[in-house]
Amino acid sequence: MSKLITLGILGGGQLGRMSAMAAARLGISVVIFCPDENSPASYVCKENIIANYDDKAALKKFSDKTDFISYEFENIPIETIDYLNSLKQDSVLPDKSLLNVSQDRIKEKTFLNDHGIKTTRWSSTSDINDIKNTLKSWGGNEFILKTTRFGYDGKGQIKCDIKDTDELNKFLNDTDGQGIIMEELVDFACEISIIVARDIEGNSETYGPMLNEHKNHILHKTTVPSNISEATESKALGIAKDIAETINLIGVLTVEFFVCKDGGVLVNEIAPRTHNSGHWSIDACCVSQFENHVRTVCGLPVGSTARHSNATMLNIIGDDVNNIDDLLGADNGCLYLYGKRQARTGRKMGHITFIKPKGD
Ligand code: AMP
């Protein structure tokens, strides 16, 4: 690595912030492109370009200043990626194939099912009669409705009972004009995720499976090792690696799974980026998910994901950030605050990872 590298990251959230911090450790500078002032990543980068994703002059400046470009969340408009790729061929990694798929829950489930990967039963839906008919064929009363786009951390989704027509109608009214997907409610044993990092030479490394516990549809706690059975672990690892190979991934990819009571797995979501369930890797692995994100999109070899410690990560959400005195003094606790000015309900403000070296 003789030349000094500059990496551009689209998006300024905490994932971008932690990738920029990992880049700094490798002597790589980061330019953040984000529409918001005072974004979490803006405090830790070399330069921060504040502009909308359709601002071509700003995107050109961003492209000129950077050697490689990536992103930290999946809702970057595809037109932005196309424009950046037209300025410098294939400069944005991971490439747009999976980004396009992961932006839309219907495209995502179709992609998975077309590749023989099982998901929960689902249906594209628009009105209450349609929902009733679909539910008749599935059986049961409960199901989940989600907007097909822009949903995250429980936003744009509800768990419904068909008998609660008021709540159902409210959701359909609130989301009028947006695409809706109806999903069968999975009575899962647990939820896990796997992160794959794959470099330009096709070498790959994985993190996990991680055991994930949610509260109000938002990740609350991640534990490694997950202590799921070896058979389930190898099924999930096989699926995650297959997806990475199929799309010829260069970068980082996260796959979220439901583990069924019979040990089978269903894929819930995929995202071509680092993930909240991998934050523990900063403190429990020599090479974190963020460093591997930076390495792989900058043409460097993927680093070993070997884990030297067991870890439990807790998210700090909303007003919890006002009670961090105990966390500041916690034994073996590695605390991260994202520098967000306002603590809103459900907003991820930071996290803490408790580590226990293996063998202790
Ligand atoms: P998602 O935005 O799809 O990742 O959903 C957030 C969380 O809601 C998941 O991690 C699950 O805990 C829960 N959830 C989402 N979809 C389903 C489903 N079809 N069945 C049961 N739980 C679900």
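## Three domains and a ligand

The protein is divided into domain 1 (6-92), domain 2 (121-184) and domain 3 (190-357). The model is predicted.

### Domain 2 and domain 3

How far apart do the C-alpha centres of domain 2 and domain 3 lie? They lie 28 Å apart. The contact takes 6 residues from domain 2. Domain 3 gives 4 residues to the contact.

The size of an interface is often given as the accessible area lost when the parts come together. Between domain 2 and domain 3, the buried area is about 460 Å². Carbon and sulfur atoms give 40% of that area.

### Where the ligand sits

Domain 2 and domain 3 also share the ligand. Both give residues to the shell around the ligand, so the ligand lies between them.

How many residues surround the ligand? The count is 16. The closest are Lys-146, Gln-157, Val-186, Glu-191 and His-217. By type, the shell divides into 5 nonpolar, 4 polar and 7 charged residues.

### Polar contacts of the ligand

The table gives polar contacts by residue.

| Ligand atom | Protein partner | Distance |
|---|---|---|
| Nitrogen | N or O atom in the side chain of Glu-183 | 3.0 Å |
| Nitrogen | Polar backbone atom of Val-186 | 2.9 Å |
| Oxygen | N or O atom in the side chain of Asn-268 | 3.2 Å |

Val-186 appears twice in this account. It is among the residues closest to the ligand, and its backbone offers a polar atom 2.9 Å from a ligand nitrogen. Glu-183 and Asn-268 use their side chains instead: Glu-183 pairs with a nitrogen atom of the ligand, and Asn-268 pairs with an oxygen atom.

How much of the ligand does the protein bury? Taken alone, the ligand exposes 480 Å². The protein buries 93% of that.

Which elements give two or more residues to the shell? They are strand 6 (142-147), strand 8 (180-184), strand 12 (251-259) and strand 13 (265-271).

### Backbone details

Now look along the backbone. The peptide bond from Leu-93 to Pro-94 is cis, with omega near -5°. Pro-94 sits in the loop between helix 3 (78-87) and helix 4 (96-102).

Another cis peptide bond runs from Gly-208 to Pro-209. Its omega is near 10°. Pro-209 lies in strand 10 (residues 204-215).

Asn-216 is not a glycine, yet it has a positive phi of about 50°. Where is Asn-216? Its place is in the loop between strand 10 and strand 11 (218-224).

Conventions. Residues numbered from 1 in each chain as written. Predicted model: local features only at pLDDT ≥ 70, side-chain atom pairs only at ≥ 80, totals over all residues. Heavy atoms only, no water. Near = heavy atom within 4 Å. Polar contact = N/O pair within 3.5 Å; in protein donor to acceptor, adjacent residues only side chain to side chain. Areas by Shrake-Rupley, 256 points an atom, 1.4 Å probe, with all protein chains shown as cover. Helix = DSSP H or I, 4+ residues; strand = E, 2+ residues; numbered from the N terminus. Nonpolar A, V, L, I, M, F, W, Y, C, P; charged D, E, K, R; others polar. Domains from an automatic or database assignment. Contact = heavy atoms within 4.5 Å. Buried area = accessible area lost by both parts, 1.4 Å probe.
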